[in-house]
Amino acid sequence: MNPTNSQQSVPEAQITPPVQAQVTPDLVNQQGQQALAGKLAQTNEKKQFLDYILKGIAEKAGVEFSSRVKNPETVVQKVAAKRMDGRKYGLDDINDVYGGRFVIKNSSEVAPIKKMLEKASELGVFKIGKQEERTQATYHAHHLDITTSDGVRGEIQIMTPQEELEAVSNHGLRAVHGENPPPDIKELRNKQAELASKIPNKQAHEKAKQIQDIAKQMGDKPLDPRIPAAILAHKGGTK
C-alpha cells in the first residue's frame with residue numbers, strides 16, 4: 001500500500017539486498033531479522049481478529065473485503081526507501097504491516113463504512129489515526145490508519161472495483177518506476193487506468209483478483225507488465 005510521499009521516494013523494487021544491507025543494517029542482521037519476524041508474527045496473529053471485525057462490517061455494508069500482511073522483504077524495502085528520503089524511520093513506524101481493503105460498488109458507500117469503523121474504534125477494537133482521500137496520478141482511494149491496543153498497525157483502504165483494478169494493474173509499474181516514470185511507462189500506466197475505469201464492477205473485481213493471485217504465486221514480486229496488460233485487455237469475465 002503506497003506511501004503518500006512516493007513521488008519523492010526511491011521505488012521500493014529498486015532497493016536490492018546490497019542496498020538494504022547498506023541502508024537498513026539493523027533490519028538485515030540477525031537481531032533485526034528476529035525483530036522483524038516477531039513483528040510479522042504478532043501481526044499475523046492479530047489478523048484473524050481484525051479480519052473478523054472488518055469482514056463483519058463488509059457483510060453489513062454489502063461490500064467485498066480482503067486483507068494481507070506485508071512480507072519481510074517489502075517491509076525492509078519500505079524502511080530503506082523512507083531512510084533514503086532522509087527520514088528517521090524504523091520498524092515501528094510502518095503504518096501498513098496489516099492491510100485491509102473494502103471494495104465498494106459506488107462512492108456513496110464510503111461514509112457508512114467509515115461510520116462503522118468509527119464505531120469499532122469507540123468500542124476499543126482499534127484507534128483510528130490519519131485519514132485521507134488519496135490521489136496519486138491515476139491511483140485513488142480512501143485510506144485510514146489503525147492501531148490496536150497491543151501496537152499492531154494497519155492501513156485500511158476503501159475503493160471501487162475500478163480503482164482496485166487500477167491499483168493492482170499498475171502496482172508493478174509503481175514499485176519499479178515510482179510515481180514519476182519514464183514517458184513510455186507513464187503512457188502504459190495511464191492507458192491501463194483508462195481501461196480499468198471502463199470495466200463493469202464485477203468483472204473489474206474478478207480481474208483484480210486474478211492479477212493479485214498471480215502476484216502471490218510469484219512471491220509478490222513486481223509482475224511482468226505484459227501480465228496485467230493482457231488481463232485488462234481480455235474481454236472475458238462476468239458482465
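1. Helix H3 (residues 30–61) lies across S1, strand S2 (98–103), S4 and S5, and runs at about 175 degrees to S1. Helices here (H or I, at least four residues) and strands (E, at least two) are DSSP runs, numbered from the N terminus. "Lies across" rests on contact, meaning heavy atoms within 4.5 Å. Axes are lines fitted to C-alpha atoms, for helices over the stretch in contact, and angles run from 0 to 180 degrees between N-to-C directions.

2. A word on the basis of this note: this is a predicted model, in which local features need pLDDT of at least 70 and side-chain atom pairs count only at pLDDT 80 or more, while totals for chains, interfaces and linings use all residues. Residues are numbered from 1 along each chain as its sequence is written, and side-chain values use heavy atoms, with hydrogens and water left out.

3. Staying with H3, do look at Ala-37, which is placed in that helix. Ala-37 counts as partly exposed because its relative accessibility is 45%; the cut-offs are under 20% relative accessible area for buried, over 50% for exposed, and partly exposed in between (1.4 Å probe, protein chains only). From Ala-37 to Lys-115 the C-alpha to C-alpha distance is 34 Å, with their positions 78 residues apart in sequence.

4. Now to the sheet, which is open and has five strands in the order S1-S2-S5-S4-S3, with mixed pairing. Strand S1 (64–69) and S3 stand at the edges with a single partner strand each, so one side of each has no neighbour in the sheet. From one strand to the next, the twist averages 20 degrees. Two strands pair if DSSP finds at least two bridges between them. As a reminder, strands of a sheet pair through backbone hydrogen bonds, either parallel or antiparallel.

5. Helix H5 (residues 110–122) also belongs in this picture: H5 lies across S2, S3, S4 and S5, at about 155 degrees to S3.

6. The S3, S4 and S5 part of the sheet is worth following strand by strand. S3 (residues 127–136) and S4 (residues 139–147) run antiparallel and are joined by eight bridges, with Thr-135 standing opposite His-140 in S4. S4 and S5 (residues 153–159) also run antiparallel, joined by six bridges; here Thr-147 has Arg-153 in S5 as its bridge partner.

7. Please check the S3–S4 hairpin, which has two residues between the strands. Ala-137, found in the loop between S3 and S4, has a positive phi of about 55 degrees although it is not a glycine. With a relative accessible area of 42%, Ala-137 is partly exposed.

8. A second positive phi deserves the same look: Asp-220, a residue other than glycine, has phi near 60 degrees. Asp-220 is placed in the loop between H9 and helix H10 (226–233), and is partly exposed at a relative accessible area of 43%.

9. In helix H6 (residues 161–169) we find Glu-166, which is buried, with a relative accessible area of 3%. The side chains of Glu-166 and Asn-170 are joined by a polar contact of 2.9 Å. Such a contact is a pair of N or O atoms within 3.5 Å; within protein, one must be able to donate a hydrogen and the other to accept it, and residues adjacent in sequence count only if both atoms are side-chain atoms. Leaving aside neighbours within four places in sequence, Glu-166 is in contact with Thr-138, Tyr-139, Arg-174, Ala-193 and Ala-196.

10. Ser-169 lies in H6 as well and is buried, with a relative accessible area of 3%. A polar atom of the Ser-169 side chain lies 2.7 Å from the backbone oxygen of Leu-165. Not counting residues up to four places away in sequence, Ser-169 touches Gln-192, Ile-211, Pro-228 and Leu-232.

11. Finally, the helix packing. The axes of H6 and helix H9 (residues 201–217) come within 8 Å and cross at roughly 25 degrees, which makes H6 roughly parallel to H9. On the scale used, angles under 35 degrees count as roughly parallel, over 145 as roughly antiparallel, 65 to 115 as roughly perpendicular and the rest as oblique. Residues making the contact include Leu-165 and Ser-169 of H6, and Lys-207 and Ile-211 of H9. Lys-207, in H9, is buried at a relative accessible area of 4%. Lys-207 and Gln-162 are 45 residues apart in sequence, and 9.8 Å apart in space, C-alpha to C-alpha.
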